[in-house]
Structure formats: C-alpha cells, structure tokens
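Me: I would like to go through this structure with you, step by step. Could we talk about the ligand and the pockets?

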Amino acid sequence: MAELGKIVAVASSKGGVGKSSYIMAIASALAKSGLNVGILDNDPNQPVIEWLSENPVENITATPKVSDTEVFDTLDKMREIHDIVLADMEGSANLGVAMAIASADLVIVPSQGSSLDHKEAAKTLGLIRSQSKLQRREIPFRILFTRTSQAITPRSLRKAYEQLRERKLPFMKAEFNNLEAFKVFVGEGRSIYSLTDEEAPNLKGALKVLHALAAELIAVLKDPSYGSETDEATDAAKATADAKE
Ligand SMILES: Nc1ncnc2c1ncn2[C@@H]1O[C@H](COP(=O)(O)OP(=O)(O)O)[C@@H](O)[C@H]1O
Ligand SMILES: [Mg+2]
C-alpha cells in the first residue's frame, strides 16, 4: 500500500518553462528519500522516457504518453502502486490536462515570472478553477517560479510576486533556479545524485535547492493549506528578495 498515494500534475501551456526538468529533478529527490515515484510522461517529446531509457533510476518508473481520454484512468492506476505520481502535462485547454487536474491532489503551475508567462499561467489557473467547480472540491495548486536566477531577483519577478500576493494566489516559496546541474543530469540520463562536481558546477547548491523544493512539495501534499496563508508566503518571498539585494 502506497504511503502517500498522491497525484501531482505539473501543467502549463507554455513550453520551455521547465516542467519536464522539474519533474525529473523532484522525482530524483523523492526517489532518493525512499518514495516509490511514478511519472506519466505526457510531454509529446517524451523527455522522461528518454531520460530513463539507458540507466534506470531506483524507485522511479515512467509511463509513456497516453491519449487524453486515458489520462484519468492511467493516473488512478498509477496512484495505487506509487507513493507519488507526477504528471507532466503539456497544453492548457485540452482534455488531457483537464483530466490530470481533475485527478490531482496538487497542481503545480510553473512560470518563469515574465508577463507573457503570467498570461499563460492564468489560463491554467482558469482551468483549475473550472475543474474545482465541476468536482465541487477545491483542487489545491501552487505557482512555481522556474529558471530564476539564484543571485538576483529582477524587477519582473518582483512584480510577479506582488501580483500573486494581490490576487491571493498561492506560490511555492522555493524556486526552481536556473542551474547547470538541472540541465546536465537530464542530458546524462542519470539521477542528479550520480553527478560529480566535475560534471556539474555548483552541484551542492543545486541539491540544496532541490531539497528545499522536495520538502515544500511534501509539506503541501500533507497539508494543502501549508504556506498558502498570504502573509507567511509574502514574508518568505520578501526575505528571499531582500537577501538577494
Ligand atoms: N532549472 C533549470 N536549470 C537549468 N536549465 C533548465 C531548468 N529548467 C529547464 N531548463 C532547460 O530549459 C529547457 C526547457 O526545459 P523543459 O524542462 O524541457 O521545459 P518544458 O517541459 O516546460 O517544456 C531545457 O533545455 C532544460 O534543460
Ligand atoms: Mg516538457
């Protein structure tokens, strides 16, 4: 019997925001901590399948793309045999994404923080809202800022945080920073934990970021209201932003 048995859908209509990379990184961390992780790779390019094709990673199994109408049943079956199921979903208004959102215990909406990204994220939030209404339950979600600089918080990102606070939209406090290690391990087709310092600069820094992301994800899965109180989230974001100045 799975310990958590939770489904996390990672959804955004915009390509290149880091959905697949986040899933492979977070899966590595959760698997390393002993959780049995299933990934539904519904990215048309099948990056997760490709990543695992030569070197399997212990505790991670991936299911290749299924048709939109199969998404719900596939995730439901995967949930039965995994602690955590991660669904890599492309697009915003298609049936497959709607099904993944409907199945999800948590939806992660990645955004790089630009205004264009913001508009794309809003489409996914609209879909989460309509699915919540349809199901007559609040589907928990978090916006996740991705590919951000670890060193500086540009004006555009500060503005994005401000807008989320104004609209009382919950976001992850940890960011999926743009770091070489998060690119390298995918290309190498191995777990991020198998990388050496020579292969990835600032590997330690990347693992620290990853652990913060994984810890926050688990905390939100265990308690969907975790960190969603805007003040708490605001303070953390402000502290992070101030520390970077
Ligand atoms: N946190 C990150 N650090 C460094 N590179 C990243 C990061 N996230 C994504 N990338 C790179 O950005 C590109 C797009 O990422 P990908 O995960 O494929 O996005 P998506 O699945 O949303 O289309 C890839 O080249 C990937 O290596
Ligand atoms: Mg992808």
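Me: Which residue has a polar backbone atom 2.8 Å from a nitrogen atom of ligand 1?

Reply: Happy to help, and please keep in mind that this is a predicted model. A polar contact here is a pair of N or O atoms within 3.5 Å. A nitrogen atom of ligand 1 and a polar backbone atom lie 2.8 Å apart, and the residue that owns this backbone atom is Asn177.

Me: How far is an oxygen atom of ligand 1 from a polar backbone atom of Gly16?

Reply: Gly16 is listed among the residues that come nearest to ligand 1, together with Ser20, Ser21, Arg147 and Asn177. Its polar backbone atom and an oxygen atom of the ligand are separated by 2.6 Å.

Me: What share of the accessible area of ligand 1 does the protein cover?

Reply: Let's start with one more contact: a polar side-chain atom of Asn178 lies 3.4 Å from a nitrogen atom of ligand 1. On its own, the ligand has 560 Å² of accessible area, and the part of this covered by the protein is 81%.

Me: Which element gives the largest share of the shell around ligand 1?

Reply: The shell has 15 residues, divided into 4 nonpolar, 7 polar and 4 charged. At least two residues each come from helix H1 (19-32), strand S7 (176-177) and helix H7 (180-188). The largest share, 3 residues, comes from H1.

Me: What is the volume of the largest pocket?

Reply: You have already met this space, as ligand 1 takes it up. Its volume is about 360 Å³.

Me: Which element gives the most residues to the lining of the largest pocket?

Reply: The lining has 20 residues, and those closest to the pocket centre are Ser21, Arg147, Phe182, Lys183 and Val186. Two or more lining residues come from each of H1, helix H2 (47-51), S7 and H7. By class, the lining holds 7 nonpolar, 8 polar and 5 charged residues. With 6 residues, the element that gives the most is H7.

Me: How many residues line the second largest pocket?

Reply: This pocket has a volume of about 240 Å³. Closest to its centre are Ser132, Glu138, Ile139, Pro140 and Phe141, and the lining residues number 14.

Me: Which element supplies the largest share of the lining of the second largest pocket?

Reply: Sorted by class, this lining has 8 nonpolar, 2 polar and 4 charged residues. Helix H5 (115-135) and strand S6 (141-148) each supply at least two of the residues. The largest share is 5 residues, and the element they come from is H5.

How values were computed. Residues are numbered from 1 along each chain as its sequence is written. Chains are lettered from A and ligands numbered from 1 in the order in which they are written. This is a predicted model: local features need pLDDT of at least 70, side-chain atom pairs count only at pLDDT 80 or more; totals for chains, interfaces and linings use all residues. Side-chain values use heavy atoms; hydrogens and water are left out. A residue is near a molecule or strand if one of its heavy atoms lies within 4 Å of it. A polar contact is a pair of N or O atoms within 3.5 Å; within protein, one must be able to donate a hydrogen and the other to accept it, and residues adjacent in sequence count only if both atoms are side-chain atoms. Accessible areas come from the Shrake-Rupley method with a 1.4 Å probe; for residues, only the protein chains shown count as cover. On a 1 Å grid over the protein atoms alone, a cavity is a set of points where a 1.4 Å probe fits but cannot get out, and a pocket is an open set with protein on both sides within 12 Å along at least five of seven lines; lining residues have an atom within 4 Å of a point. A molecule sits in a cavity or pocket if more than half of its atoms lie within 2 Å of its grid points. Helices (H or I, at least four residues) and strands (E, at least two) are DSSP runs, numbered from the N terminus. Ala, Val, Leu, Ile, Met, Phe, Trp, Tyr, Cys and Pro count as nonpolar, Asp, Glu, Lys and Arg as charged, and the others, Gly among them, as polar. Grid points are joined across faces, edges and corners, and a volume is the space filled by probe spheres set on the points.
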